[in-house]
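Biologist: Could we go through this model together, one feature at a time, and keep to what the coordinates support?

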Amino acid sequence: MRYLLRASFLFLLPLLMPFALRAQVTSERILHATDEPQNWLTYSGSYASQRYSLLNQVDTSNVKNLELKWVFQAQSLQKFESTPLVVDGVMYLTQSPNDIVAVDAKTGRAFWVYHYAPSPAARPCCGIVNRGVAILGDTLFMATVDAHLVAVDAKTGHAVWNVKLAEPAAGYAMTLAPLVVKDKVIVGVAGGEFGVRGFISAFDAETGKEAWRFDTIPSPDQAGHESWREGDWQHGGGAVWMTGSYDPDLNLIYYGTGNPGPDWNPAQRPGDNLYSDSVVALNPDTGKMKWYFQFTPHDPYDYDSVQVPVLVNANWKGVASKLMMWGNRNGFFYVLDRATGKFLSGHPFVKVNWASGLDANGRPVTTPQPPGQPTFPGIQGGTNWYSPSYSPRTGLFYIPAWENYSTIFTGIDTDFHEGQRYTGGANTAPIPGAENPVGQRQGPINIYTEALGSGAVIAMDPATGEKKWKFEMHDVNTSGILTTASDLLFSGGREGYFQALDARTGALLWKENLGGEIIAGPITFRVDGKQYITIAAGNSLFAFALRE
Amino acid sequence: MTLCRLFLRAWSQCAILCVVFALFGVAARAQGQDRAPVYFPSDIQYGAQIFASQCTACHGENGDLIPGVNFRAGQFKRVISDNDLRLTITTGVPGTAMQPFNFGASELTGIVSYLRNMSSFDTRNLMRGNKERGQKLFEGEGKCATCHAVNGKGPRVAPDLGDIGTIRTADLVHRTLLDPEGAMLPVSRYVHAVTRDGKVINGRRMNEDTYTVQLIDEQERMLSLTKADLREYSIVKTTSMPSYKDKFSAQELADLEAYLLSLKGVK
C-alpha cells in the first residue's frame with residue numbers, strides 16, 4: 001500500500017509541479033506586498049502606491065556609508081524610465097524599446113533578455129520609453145510602444161501571449177507598467193498628443209483575452225458625454241499612461257487620465273471635456289466607473305492628471321478615513337475621499353497663476369493669463385509623472401517639483417489627421433522670443449533663461465496643505481521618490497545626483513553624482529540580509545548598499 | 001574687460017551643449033507645435049534671403065510655380081505643421097525635383113518663418129547684409145574680436161562664435177546685438193565667488209548644478225568650485241558687452257549679422 005502511494009505520488013508529481021511553480025507570485029502576495037519588504041512586487045511597491053518601505057538597515061546614521069555594488073548598463077540610449085520589480089532575489093527591468101531583462105538582484109548579472117521589436121509605425125510623443133513590468137504567477141506582463149500587451153515567462157524570457165490593443169499608426173502607444181489585480185492585467189494607452197480616444201483595459205492574465213475596456217472619453221451613449229461638443233469627443237485625448245492604484249477593501253482601482261485633445265486650443269473643444277485630467281475609480285472586475293473627480297476641467301495647459309494615486313488610511317479631521325493624495329501637474333496638492341471621490345482639500349505646492357484657488361468642490365477658480373503672458377506652472381507642470389511618496393511615519397507627502405516654472409501658451413485651430421500630432425498651438429519659453437528648450441536633455445533647464453525655474457523635493461503636510469520643508473535643486477526634479485521606515489528619503493533629479501535626505505527635516509545626508517538624468521523612481525529590496533537601493537540614471541541602473 | 005567682452009555669449013558659448021541642441025533640439029522644439037506663435041522679422045528676413053538664392057529656381061519668386069503648391073497662399077501638398085515643413089526641406093520629396101537640403105537649424109527657422117509670412121512680407125524692404133563688411137566690423141570698429149574667438153582664434157573670456165550661425169536664430173543674433181543683457185543665456189553669465197580663505201574668483205559660468213559650478217576665469221583657467229566651500233557666490237546680471245543699437249547703422253547691423261550667420265562651425 002505504501003508502495004502504491006509512493007508510486008502514485010511520483011506519478012502525480014510532474015502534474016503538480018507546474019501548479020506549485022505558477023504560484024510564485026500570487027495575487028495574495030501582491031495584496032500584502034508591504035509585508036515582504038525584501039521584494040518589490042508591483043510598480044509602486046504596493047497597491048497603495050506609497051513607495052514607502054519597511055526596510056531600515058540603511059538609516060540616517062549609516063546612509064553615508066552607502067557604496068556602489070553594481071551597475072546595469074542598458075543597451076539603449078533612450079531615457080531609462082523603468083522601475084524594476086524584485087522577486088526573491090531576481091530583478092526584472094525593461095530597457096528601450098521593449099526589452100525585459102531578468103538580472104540577479106545581488107550582482108546585476110543577466111539571466112536572460114526578452115527582446116520585442118515594436119512596429120516602426122509606433123510614434124509615442126516623448127521617447128521610446130517603458131516604465132516597467134507587472135508579474136503574476138510565473139508570468140511577466142509588458143505594455144509596448146506599439147500598443148501591444150505581451151506576457152513573458154519569468155524564468156526563461158519566452159513569450160507566452162501577445163495581444164494588440166490599438167493601432168500604433170493612429171498614435172496609440174503604451175509606456176506604462178501594467179497593474180495586476182486578482183487574475184487581470186490592467187493597462188491604459190498613451191497618445192494624447194495625437195488626438196486618440198483614451199481607454200483603460202483589463203486582460204485575463206492566463207489567456208490574454210480582453211475582459212473589459214473603459215473609455216476615458218465618453219461616447220454619445222455614455223455618461224459624461226454632455227461635457228463635449230458634437231464630434232469633438234472622437235479625438236478627445238484622455239490618455240492613460242501611468243500605472244494606477246488599488247483598494248482591495250473598496251474593490252476599486254484608481255487611474256489618472258491625461259489632457260484633452262487638442263492640447264493647447266480649448267476653443268476647439270468647448271465644455272469640461274470629461275474624463276480628461278481626472279481620476280476615475282473603477283471596479284476591477286467589470287470596468288464600471290463608481291466615481292470620478294476632474295482636476296482641470298477644459299484644460300488649456302496640458303496638465304495631464306496621470307500622477308500615481310497615493311492611498312492613505314489616516315485620520316481626517318479626527319475621523320479614520322480612506323484618503324487619496326495627489327500632487328497634480330496643475331500645481332495643486334489634493335486630498336480626496338477615495339470611497340466617494342469627495343474633495344477634501346487642495347493647496348498649491350508651487351507658484352500657480354492659472355487659478356486663484358479651488359472652490360468647495362475642488363473645482364478651480366480659473367484666472368487665465370492675457371495672451372503672450374506666462375502661465376505658472378508651465379507645460380511640464382508643477383510636477384509630472386514622477387512618483388511621489390508618502391511616509392506613514394512622518395505623515396508627510398513628498399512631491400518631486402518644478403518651481404517658478406512657466407510657459408506662454410498659444411492656441412491655434414488645428415485640423416485632425418489620424419496619426420499626426422494634434423496639439424492645437426504652441427508653447428514657448430516665458431520670455432517672448434527666448435529659447436524654449438522643452439524636452440532637451442543637454443543641460444539644466446534654466447541654461448536658456450532664468451525664468452525657466454528650478455527643482456525641489458517638497459514635503460507637504462496633508463492635514464494643513466502647508467509645506468513642512470523643501471530641498472532645492474539647481475535643475476528640475478524629474479525623479480521619483482522613495483521613503484523608508486528609517487526616515488530616509490531618496491530622490492534624484494535631472495542633473496544626475498542621487499540624494500538621501502532626512503524625511504523629517506529635508507537635510508541632505510548623502511549624495512552621489514551618477515552623471516546622467518534621473519527620470520525614474522528609486523526602489524529598495526533585500527537579498528541575503530543586505531538592503532539595496534537602486535536608481536536609474538542616464539542609461540544605466542545603479543545599485544547601492546552599505547559598505548561591508 | 002573690453003567692450004564686447006561678453007558679446008553674444010547670449011547665443012552662446014556652450015559649444016558642446018548647443019551643438020547637440022542645434023542638431024536635435026531645435027527640431028525637438030518645433031516638434032509638437034503646429035505653428036510658432038510668433039515669427040520674428042529678423043528670421044523672416046534671413047529666410048527671404050535663403051529663399052531667393054536656394055528655392056526660387058523651382059518654386060519661383062512668388063512660390064507658386066509648382067502645381068498644387070503656393071507658398072503665398074499657404075497652399076501645400078503635405079505640410080501641416082512647421083515641423084512638417086522642416087522635414088520636407090531636409091528630407092526632400094522622393095520622386096520629385098525636391099531634393100533634400102542640408103540646412104542648419106537657424107536657416108530652417110528662417111525659411112519656415114519666411115514661408116509662413118510670404119503673403120505679407122515685402123521683399124523690397126529686405127536689408128541685405130554683406131558678410132565681408134560685417135567681418136571688418138567684427139574685427140575692427142565693433143571690437144567684438146577683443147573678447148570673442150572665432151573657431152579657436154581669439155580670446156576665451158566670451159563664447160567662441162565660430163558656429164553661432166548654426167546654433168542661434170537670426171532673430172536671437174539680432175536681439176543680442178541690440179540688448180545683450182536681456183538676450184544673454186544665463187549659463188554664460190559671469191559669476192563672483194569668494195572662497196573660505198578669502199580668494200576671489202571671477203569668471204564666465206560654463207555649467208552649474210546644485211552643489212558645484214564650473215567656469216573659466218579671467219586668466220582663462222578652467223575651474224570647478226564646490227559651493228559648500230565658498231563664503232560668497234553670486235551671479236552677475238550685467239555685461240560689459242555694449243548694445244549696438246545706436247553704435248551701428250541699420251546697414252552695419254545687417255552686415256554684422258550676415259557675417260555672424262555665416263559662421264557655421266568647422267566642418
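Biologist: How many of the six residues of strand S33 (residues 497–502) of chain A are buried?

Modeller: This is a predicted model, so what follows describes computed coordinates. A residue counts as buried when 20 or more other C-beta atoms lie within 10 Å of its own. By that criterion S33(A) is mostly covered, and the number of its six residues that are buried is five.

Biologist: Which strands of chain A pair with S33(A), and in which sense, parallel or antiparallel?

Modeller: Strand S32 (residues 488–491) of chain A is joined to S33(A) over four bridges, and within that pair Ser491(A) stands opposite Gln499(A). Strand S34 (residues 508–513) of chain A is joined to S33(A) by five bridges, with Leu508(A) in S34(A) as the bridge partner of Leu501(A). The partners are therefore S32(A) and S34(A), and the sense of the pairing with S33(A) is antiparallel.

Biologist: Which glycines take a positive phi in the hairpins that S33(A) forms with S32(A) and with S34(A)?

Modeller: The hairpin of S32(A) and S33(A) has five residues between the strands, and Gly496(A) there has a positive phi near 100°. The hairpin of S33(A) and S34(A) also has five residues between its strands, and the glycine in its turn has a positive phi of about 85°. The glycines asked for are Gly496(A) and Gly506(A).

Biologist: Which strands stand at the edges of the open sheet S19-S20-S21-S22 of chain A?

Modeller: Four strands form this open sheet, in the order S19-S20-S21-S22, and the pairing is antiparallel. Each edge strand has a single partner strand, so one side of each is left without a neighbour in the sheet; these strands are S19 (310–316) and S22 (343–348) of chain A.

Biologist: What is the bridge partner of Leu311(A) in strand S20 (residues 319–327) of chain A?

Modeller: S19(A) and S20(A) run antiparallel and are joined by seven bridges. In S20(A), the residue that is the bridge partner of Leu311(A) is Met324(A).

Biologist: Which strand gives the most residues to the largest nonpolar core?

Modeller: The largest nonpolar core has 148 residues, and those with the most contacts inside it include Tyr92(A), Val133(A) and Ile135(A). The strand of chain A that gives the most to this core, with six residues, is S26 (residues 396–403).

Biologist: Which residues is Val133(A) in contact with, leaving aside its neighbours within four places in sequence?

Modeller: Val133(A) is one of the residues with the most contacts inside the largest core. With its neighbours within four places left aside, its contacts are Leu85(A), Tyr92(A), Thr94(A), Ile100(A), Leu140(A), Phe141(A), Met142(A) and Ala177(A).

Biologist: Where in chain A are the prolines that follow the cis peptide bonds from Gly261(A) and from Phe376(A)?

Modeller: The bond from Gly261(A) to Pro262(A) is cis, with omega near -5°, and the bond from Phe376(A) to Pro377(A) is cis, with omega near -10°. Pro262(A) is in the loop between strand S16 (252–256) and strand S17 (278–282), while Pro377(A) is in the loop between strand S24 (364–366) and strand S25 (389–391).

Biologist: Are Ser49(A) and His298(A), which take a positive phi, buried or partly exposed?

Modeller: Most residues other than glycine have a negative phi. Phi of Ser49(A) is near 60°, and phi of His298(A) is near 55°. Ser49(A), in the loop between helix H2 (27–31) and strand S1 (52–53), has 28 other C-beta atoms within 10 Å, whereas His298(A), in the loop between strand S18 (289–294) and S19, has 17. Accordingly, Ser49(A) is buried and His298(A) is partly exposed.

Biologist: What span does helix H3 (residues 41–54) of chain B reach from its first C-alpha to its last?

Modeller: H3(B) has 14 residues, among them the buried Ile44(B), Tyr46(B) and Phe51(B). What covers its buried residues includes helix H6 (105–115) and H11 of chain B. At 1.5 Å a residue the expected span is 20 Å, and the span that H3(B) reaches is close to this, at 20 Å.

Key
Residues numbered from 1 in each chain as written. Chains lettered and ligands numbered in written order. Predicted model: local features only at pLDDT ≥ 70, side-chain atom pairs only at ≥ 80, totals over all residues. Helix = DSSP H or I, 4+ residues; strand = E, 2+ residues; numbered from the N terminus. Expected span 1.5 Å × (residues − 1). Buried ≥ 20, exposed ≤ 12 C-beta atoms within 10 Å, placed from the backbone. Contact = placed C-beta atoms within 7 Å. Core = buried A, V, L, I, M, F, W, Y, C linked by C-beta atoms within 7 Å. Pairing = 2+ DSSP bridges.
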